[in-house]
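Biologist: I should like to learn how to read the features of a structure that is new to me. Could we take them one at a time?

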Protein chains: 2
Amino acid sequence: MADFQVLEQSHPRVDAWEKVTGQANYAGDVYLPGMLMCKILASTRSHARIISIDTSKATALPGVRAVITGYDFPQIRFGSGALKDRYIMARDIVYYIGEPVAAVAAEDEITAQEAIGLIEVEYEDLGAVVDPLTALRSGAPSVHPDLESYEGYGFTIEGGNICTLLDADRGDVDQAFMEADHVFEDTFRSQGINQGFLEPMACAANVEANGRLTIWASTQGPYQVRAQLASVLDMPLSNIKIIPMELGGGFGAKLRLAFEAFPALLSMRTGSPVKLINTREEVFTLNGPRHPVTNYIKTGVNNDGTIIAREAYTIFDVGAYLGAGPNSGIGHGLGAYNIPNFRLRSYGAYTNKVYVGSYRASGVADMTFAVESHMDIIAHKLGMDPLDFRLKNTIKEGDIAVNGSRVPGNGLEQTLAAIKERLGLPKELPDGHGVGIALCEWRSGTGPSTASISVNEDGTASLLTGSVDISGSDTSLASIAAEVMGISIGDIIVASRDTDLAPFTGPSGGSRIVYSQGKAVQMAAEDARDKLLALAADRLGVPQEALGCAGGRVYVHDNPPQGLTLGQLASASVNSRTGPIVGNASLSTLPYAPVFSAQAAEVEVDRATGQVKLTRYVQCQDVGVAINPMAVEGQLEGGAVQGIGRALTEDMLFDQETGAVRNPSFASYLMPLALDLPELETLMVRVPSEDGPFGARAVAEPPGFGPPAAIANAIYDAVGVRIRELPLSGERVLAALQGKISEDVAYIGDELDELKRAEGLVA
Amino acid sequence: MADFQVLEQSHPRVDAWEKVTGQANYAGDVYLPGMLMCKILASTRSHARIISIDTSKATALPGVRAVITGYDFPQIRFGSGALKDRYIMARDIVYYIGEPVAAVAAEDEITAQEAIGLIEVEYEDLGAVVDPLTALRSGAPSVHPDLESYEGYGFTIEGGNICTLLDADRGDVDQAFMEADHVFEDTFRSQGINQGFLEPMACAANVEANGRLTIWASTQGPYQVRAQLASVLDMPLSNIKIIPMELGGGFGAKLRLAFEAFPALLSMRTGSPVKLINTREEVFTLNGPRHPVTNYIKTGVNNDGTIIAREAYTIFDVGAYLGAGPNSGIGHGLGAYNIPNFRLRSYGAYTNKVYVGSYRASGVADMTFAVESHMDIIAHKLGMDPLDFRLKNTIKEGDIAVNGSRVPGNGLEQTLAAIKERLGLPKELPDGHGVGIALCEWRSGTGPSTASISVNEDGTASLLTGSVDISGSDTSLASIAAEVMGISIGDIIVASRDTDLAPFTGPSGGSRIVYSQGKAVQMAAEDARDKLLALAADRLGVPQEALGCAGGRVYVHDNPPQGLTLGQLASASVNSRTGPIVGNASLSTLPYAPVFSAQAAEVEVDRATGQVKLTRYVQCQDVGVAINPMAVEGQLEGGAVQGIGRALTEDMLFDQETGAVRNPSFASYLMPLALDLPELETLMVRVPSEDGPFGARAVAEPPGFGPPAAIANAIYDAVGVRIRELPLSGERVLAALQGKISEDVAYIGDELDELKRAEGLVA
């Protein structure tokens, strides 16, 4: 490992003090003189025409300053991508229970809430469809009958509720299945997931005298919010400033426009600042969660355990709108394995439920549950050790990944080896106890990234980026800059930012900050350092190559006492030819850098109740290099805990008739608590990436992928039952123990045939 | 003139709406939860030892949260330059009436003020000196007896109250005086001037949980405040963030640290935010004004009117501390003329009065009054037309300026010609009416400047600079960026800034923004434009040279309909090799670019009362190019009005015994009102500078230099009396008309001899 001065050492977060003392300011903490409070009226119908909205009583209530409905917004549909399928507030039709129908700005929250109760809406019910498999059937009620007329609608396929199709193919998969010694099929279902961020959606808006809007937002993607808000308000993007506040968790849910448009329009109407803070119930019913996903998976294997073919069909529930990009799980239908022939499909189906949102590499955890359970099933059926079976098929340097990229060097096998060594696999455990593994893969996120670093007169440096801090990413970025410039992390000021100040930057999500934004910071810091070296060379009368930069000074390699501090150089720069020293960098896409994580669970299953107790959880990830080991460990632990919640307890329940959310609170939606968890064992291996900053790879997403399959596999190891549906609840395990759940769900049902027929794959 | 799309056209200010609607936020508008108010206890003694300070009663007053004295600050002297002569709050000794001795933070302003009254200070008087000429005499009481021990004290000269000496010499001036056909001597005195900004000094401070200080300041120089504050609080510069708020006038008074340290320390003591807003009286008594200046000037002229020698001695009153850099007037002792032999000296003398501050090219207006009155006197004595006498001696392209720079091409002679034509000079006016002219020179200000411009997805651009807006400078910077990028001024977002965000930038003063900061903006915009062109060349498959940039798009010169909008390019950039498009620039010193202004006044003098009525005022300035003509005209008018106030009415009065300010209010310190002014006639000539943005030159300072001399010369023309002391009040004119003022003040007095003896120039 390189001889680092700052990296690979743990540093407390640069924002630790503000956070622990409560001084950090969140969007809900914005108080402006004369600020109004906004409340939202939500639809009570699943799918209905709005006959009338009577706001007169609400408007007349003392303290109410404005009431808006969908008709007050420009008649412009927007979307999360090319397809524009959604008004920001219902117009003519409501598509789900919870959809915003009106909003009020009043002098206080209680009055606003009272006014909401005074708005009278007359509806005419239209047919609703709640189950995505039903929605796919021909003849099902259409959620968006006019879908084909929407801007950005790109394809026509039988079954009007399909709004997105992703596909990936290689080789001759049907021929390979015919030639394979064994073919295995399984279908897995995962549950609806709420992102579980602690800070509810919140925002404040203020229209300035010049007509510009300032938005204080709880967002991972200020530039995305700016663009979408400009679109729905039909105003120039440059008339909007987004100030991203401290973020109390997002996990994908805060990547895009939420409800910022409501206080924005209300501020424009009233001339006053307006604030909106969701209740927890609204977080569950108005914001886009992840909906249940059905993954059908089929694998052709030869007798020696070599996988030669894979087919995977994903059907994911979009809810009323495609609120987040298409399910990214499909590309992960191969898992971490090299499979020469494959057909991968992902269908998104509209239903009359709250629109789908993003959550931690949306869809990949569902697919990893399917693939890694399926791999375990196959291994057992072939009589192979599950770990050996995986090792036989892992993708290797030089192979071509599903995305078409050559696979660069990586630590996949080391992660499996580390898990094996730590647990002493294979191992026999007493009856009722079991161990299971899962192998997870992801890629280091990339996308537009910029950074600017200016050197202050005292040798410290100010770092400006457009990315929002999540999970201590500011601290990691500061570490990278400090390492390059040979100063301490405390000497880096991480500047607060807004969309006026910092150049366009991709959102904080998808494990992209350290890899891509960090690379931009590295490049900007190198630019600043090179300028410092050039100035020092000039002042010291030596060639630039003769100089080094460490300990806050530039020194002569051959005579280290000779040199100048960065403070001296920065002070000199302001009166030198160069001017103040500023380093800059801008980049877009970095090459593919995969991330692999091997994970293992040990469980104890109570045969009488079906209750699963997680007794041990071990993960090992190839992090490339640990920018800030404490932060990396935190990311790995946090992700695993989210995955454990997904595996065992979290479950968003929807009414099967109306699509309404049935458990919209943390009392009934069960996230794991510290008491539910064993000590988490977190291992890292380090095979530096070729392009990341100092070799770093993405960290955040993979830890959450493994727990469902690892625990399901451990349950099978413990008590011999296979659970193919999440969460792996005591009820399900007990039902399986009692023989009430079939272990051989070979296909989704008629829906799969129907999809294949539409593709012309079957007659 | 170049074919501009944006420049040379008048644009309303980008901040016009906020300003006219009162939405603009000044430092006094900062309200934070739990904010305390700060008041200052001022010294009541001119020069005294502090025997004791009893703060117990003040501390005990309910609502008082903290009381601080000078002993609560680190024992560190600071200064405006190298010489550190001042504690931020009195420690052991007070040096003037008004000096801060203690400060209080209380829950409201009234309580804070009451607490101030409860602080008991016991003093022991030391000898005070108030008059600077007296202070220069050997044997005068010493203001700073330990001056030589202060950090940065750089020279020793007899007379302990001298704290600064500037000198400039060329040729053999004594020989030239001996050879000259005529030698003329005059002494001029100008008055104390308050900068007259409307917004009193104000600031707010808040200590964050991490120990960082945020300061909301009314300042022209946020980076200067940051550095000085770090020094007096003995804390790392990087622990301080200065947020410059809207500036309600500064004119030099807000270039440096004012009272930010008091709320800062009080916030550190209490953990609460603290705000301070000066009263108008405090603005007069606690802030550094300009003190009276005495200029002795001697000129050797040949019979044909050619000036061959110049000697000038300036004695300027520093007050208790050198609160602003040495008087910059000395370099202007030659005026706009080419004089082969010269000796120029400027002495700063400590007195027991409020410390000196900066005001609009400090000292140059005083010196211009002296030089241009003196030129008029000589012309009349030689029987030459004053304008012709000036023209004979003007400095010309290729001459060497007093600063050693070669004089580049400029519009000096055109400005005189324009004035001559506009007024029809020479002209005869009726008795009691007169016309006078003055020729003014300054240089385009320079210094560290940076800019960053990022292009948004809709083709607009965000501009980040570290300079504070004064007089519409943001609008000018936006104009420059828009011109380069071929977009409209409304498409430029001028981002709010703070010292964390923007790289080090020189202060907003000295006519440096458009020339230097504007150049940095031009360079950054060119950088961004070049990146847009490169991307467009790539996408369009044509060489970059074949492309132009105008009307918000990049187009093919030979086929203008072919092209891409900046929005399309910016959107493409985020996913291209380049990454988001950001242009950057950093520069320090630009070459010397002089600015010349010819001015003329017509007056009517009432022989019975001495009252002078200004009936006409014409100025013509070489602006190079008018970035925003409306703003340039505003600068020229505003400067002239300040000069007219200096000429006729403004006069800070100091008690000759105690040094106390005797007229600390706008009721007794008389700034000109609209009713006092004639319509101002403002002409511009345009000789582009070699290095400024699009040829622009500085604008702000010269208009204020001319009025005292032009009006004094007009009074002489009207009634034949010469007033050598400002203001040119009715009392003085009447006294001169009554023969009570000598017209032949040939020397300062013994003081000049003493100074020359110390220099070894006389025996």
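Modeller: Let us begin with a definition: a salt bridge is a side-chain nitrogen of Lys or Arg within 4 Å of a carboxyl oxygen of Asp or Glu. Please keep in mind that this is a predicted model. In chain A, E602(A) and K427(A) meet in such a salt bridge, with 2.6 Å from N to O.

Biologist: Where do E602(A) and K427(A) lie in chain A?

Modeller: E602(A) belongs to strand β24 (residues 594-605), while K427(A) is in the loop between α11 (412-423) and β16 (433-443), so the salt bridge ties together parts that are 175 residues apart in sequence.

Biologist: How many salt bridges are found over all chains, and how many across the interface of chain A and chain B?

Modeller: The search of the whole structure gives 68 over all chains. Across the interface of chain A and chain B there are two. One of them pairs R226(B) with E457(A), whose closest N and O atoms are 3.1 Å apart.

Biologist: Which elements of chain A give two or more residues to the side that touches chain B?

Modeller: They are α1 (16-21), α6 (222-233), β17 (449-455), β18 (461-465) and β23 (582-587) of chain A. The most comes from β23(A), with four residues. Sorted by class, this side of chain A has 19 nonpolar, 20 polar and nine charged residues.

Biologist: How is the extent of the contact described?

Modeller: Chain A contributes 48 residues and chain B contributes 48 residues. The area buried between the chains is about 3700 Å², and carbon and sulfur atoms give 55% of that area. The interface also has 20 residue pairs in polar contact, both residues being at pLDDT 80 or more.

Biologist: How should I read the relation between two copies of a chain?

Modeller: In general, two copies of a chain are related by a rotation about an axis and a shift along it. Here, a turn of 180° and a shift of 0.1 Å along the axis lay chain A on chain B with an RMSD of 0.0 Å. The two copies are thus related as by a two-fold rotation axis. Moreover, 100% of the interface residues of chain A are also interface residues in chain B, so the copies meet through the same surface.

Biologist: What may be said of aromatic pairs?

Modeller: The structure holds 24 of them over all chains. One of these joins F284(A) and F666(A) edge-to-face, with 5.9 Å centre to centre and 80° between the planes. F284(A) is in helix α8 (residues 280-285) and F666(A) is in the loop between α15 (629-648) and β26 (680-685), so this pair links distant parts of the chain, 382 residues apart.

Biologist: What should I look for in the backbone?

Modeller: Most residues other than glycine have a negative phi, and most peptide bonds are trans. F251(A), which is not a glycine, has a positive phi of about 55°; this residue lies in the loop between β11 (240-244) and α7 (261-270) of chain A. A cis peptide bond joins L726(A) to P727(A), with omega about -5°, and P727(A) is in the loop between α16 (706-719) and α17 (730-737) of chain A. In chain B, L425(B) and P426(B) are likewise joined by a cis peptide bond, with omega about -10°.

Definitions and conventions. Residues are numbered from 1 along each chain as its sequence is written. Chains are lettered from A and ligands numbered from 1 in the order in which they are written. This is a predicted model: local features need pLDDT of at least 70, side-chain atom pairs count only at pLDDT 80 or more; totals for chains, interfaces and linings use all residues. Side-chain values use heavy atoms; hydrogens and water are left out. Contact means heavy atoms within 4.5 Å. Buried area is the accessible area (1.4 Å probe) that two parts lose on being put together, summed over both. A polar contact is a pair of N or O atoms within 3.5 Å; within protein, one must be able to donate a hydrogen and the other to accept it, and residues adjacent in sequence count only if both atoms are side-chain atoms. Ala, Val, Leu, Ile, Met, Phe, Trp, Tyr, Cys and Pro count as nonpolar, Asp, Glu, Lys and Arg as charged, and the others, Gly among them, as polar. Copies are superposed by least squares on the C-alpha atoms of residues with pLDDT of at least 70 in both. Rings of Phe, Tyr and Trp (its six-membered ring) pair if their centres lie within 6.5 Å; planes under 30 degrees apart count as stacked, over 60 as edge-to-face and the rest as tilted.
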